[in-house]
Amino acid sequence: MTLLTYLTRRSILIIPTFFLITLIIFTLIHLAPGDPVSIMIGTNTKITPAEKERMIEDFGLNEPIHVQYVEWLARLFRGDLGHSYAYHQSVAKLVSERIPRTLELMLMTEVIGLALAIVLGVVCAVKQYSLTDGVCKFGALVGYSAPSFWLGLMGITVFAGMLQWLPSFGVETRGTIFPTIFDVWFDHLKHLILPVSILVFGWVAYLFRLVRSSMLEVLRQDYITTARAKGVRERVVIYKHALRNALLPVVTYEGYSIGFILAGAAVIETVFSWPGLGKFWVDVAGNRDYPTLMALSIIVALMILLGNLVADIAYAIVDPRIRYD
Amino acid sequence: MNSRLNVKSEKRTDKIHKPSMATQLATVWRKLRASRLAVFGGAIVFAVFVVALFAPLIAPYGPEDRYITEPLRPPFSEVWLGTDDLGRDVASLLILGARTSIYVGIGAVLLEAAIGLAIGMIAGYFGGLIDEVLMRIADVVLTLPTLMLLILAVSMFEMQGINVIILVSGLLGWPLLARVVRSEYLSLKQTTFVEAARSMGAGQWRIILRHILPNTMSSVIVLLTMDIPWYIFYEASLTFLGFGDPTAASWGVLMEHGRRFLSSQGWWIATFPGLAILITSLGFNLFGDGLRDALDVKTRVQ
């Protein structure tokens, strides 16, 4: 089987997975007690039961769940994500405003985290049991034992509260007019520092261990000894011969971890009032806003599946030995 | 001299036949004690368990005891870890919160173990189409964003928040365990002792449960130990985000509560529960690492 057919097969697998995820979430939110109409009406006594019935009918909520699911799918394929019950706006607009905010956090975390983890992982594996190794291992242990939202709170207390170096919430300083576009960027960058640092810290803690242990394992292989024996320079042995193979598990992990990073971002976005998808998810989860929740679920599912596909492609490129079956 | 040696070695071959459970445990115990970090981690885990178990006896005040002193007294004054804005004792709330965390951690891990073991052993032992289907399902579940689904589930089913957390995180937490168990079964089912058992007429479920299962326990226990902090995180994150019972004694609830006083005169309310989570999960992780070395489990998961 060629690389192309392999990737086609992997892509085809995405379709049932996508339906499975949306079906699970659709069923979950529709089976839950409480309906959106009651929540919208709230304590408003002016609305008569007859009017309530009509609203339920308008939203199509009186149909059985499977009919509602098929209708939702049909609208989805026409490109219609619906209208938010809670925000009275088009869901497509609400969601598309928030996607870049989350992507920004995730991409920066993935890139900075990966770079840091590789550098630290290689250094620590080469100098196993050194002081550097000890410090990094301890740092990683703290990084994955500390809850990220707590680190966020501590970061806000120290850097925004006590030292007043960084802003504590949002994406921009409101009410300030900046002279140039660079000042606007600089302001935004300052808002990014705290949330990104905390996400990176947690992410590096995981990746670092993976790179380090994988590198240690590769460095014990015979072909590394052979390379050294024939006089290849140590730098070349480590970065060319060893690193490439040591990165195989890391590449897969990176792609499969989109859901993990996304969930981490949801908590951090809430702590820093960052207007992204994660905070939006937290905001709408409680109010039975079906169209918005479903649109968010689709985006989350697509992001995760895309991450898996990228991992598969990257794996196939990095590892020429892979068998496509 | 010669004869004595012979007697000794004969005796020994008799014993080697099967090392008793106690001997095996003693070996693991000795190796564990040799690692200082593992002992440290184990001590933390033990302490947290004791605190969780006897929380109402240890805590000087109850969760509803207000105005034991003035509100917002700083730590290390007349109250050990200070009081919150309602004048409740932060130390007592921490002690009572340990119970919630451990309850969720243990409950979810037991559910994960039940599902993961069942799926892993069936997939690994029977192989073929069953294996293929189960592992594809595991792949899908593995990529689901657990915390986001937890948020959804807890906000949809408001009653019994803590049990919903256990149920959902256990239902989503099994794929890695199932993979590990499956790979153990794949290799163990081809060993001589399994063949011997089969040739003696042991049924397949007897082989699966009595012969292979005990041999997978090392890796299962290590994995489960290191999953407990995850479930503790989930519970704390959810209650911190405002999902779940706001009156419960939980580290996440306390942090959510203390969040408002961080910049003013109450930094300790949110700081201490976070430290409690950090120390607890550090304990489980160190202990798990130590167990892995002592039980000689291969490091790489896949």
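**Entry 1: contact between the chains.** I looked up the contact between the two chains and found 32 residues of chain B touching 30 residues of chain A. The model I am reading is a predicted one. On the side of chain B that faces chain A, I noted which elements give two or more residues: α6 (128-143), α7 (146-156), α11 and α13 (267-295). I then sorted that side of chain B by class and recorded 22 nonpolar, 9 polar and 1 charged residues.

**Entry 2: chain B as a whole.** I counted 13 helices and 0 strands in chain B. I recorded the extent of the C-alpha trace of chain B along its principal axes as about 80 × 60 × 30 Å. Of the 302 residues in chain B, I find that 45% count as buried. Taking the contacts in chain B with a separation of 6 or more, I note that 70% come from residues 24 or more positions apart.

**Entry 3: α5 against α11 in chain B.** I next examined helix α5 (residues 90-126) and helix α11 (residues 204-240) of chain B, whose axes lie 8 Å apart at an angle of about 140°. I entered the crossing of α5(B) and α11(B) as right-handed. From α5(B), I listed residues of this contact including B:T100, B:G105, B:E112 and B:Y125; from α11(B), the list includes B:I208, B:D227, B:Y231 and B:E235. By class, I recorded 14 nonpolar, 3 polar and 3 charged residues in the contact of α5(B) with α11(B). I note finally that α11 of chain B also appears among the elements on the side that touches chain A.

Note on methods
Residues are numbered from 1 along each chain as its sequence is written. Chains are lettered from A and ligands numbered from 1 in the order in which they are written. This is a predicted model: local features need pLDDT of at least 70, side-chain atom pairs count only at pLDDT 80 or more; totals for chains, interfaces and linings use all residues. Axes are lines fitted to C-alpha atoms, for helices over the stretch in contact, and angles run from 0 to 180 degrees between N-to-C directions. Helices (H or I, at least four residues) and strands (E, at least two) are DSSP runs, numbered from the N terminus. A crossing is left-handed if the near helix is turned anticlockwise from the far one by less than a right angle, and right-handed if clockwise. Two residues are in contact if their C-beta atoms, placed from the backbone, lie within 7 Å. Ala, Val, Leu, Ile, Met, Phe, Trp, Tyr, Cys and Pro count as nonpolar, Asp, Glu, Lys and Arg as charged, and the others, Gly among them, as polar. A residue is buried if 20 or more other C-beta atoms lie within 10 Å of its own, exposed if 12 or fewer, and partly exposed in between; C-beta atoms are placed from the backbone.
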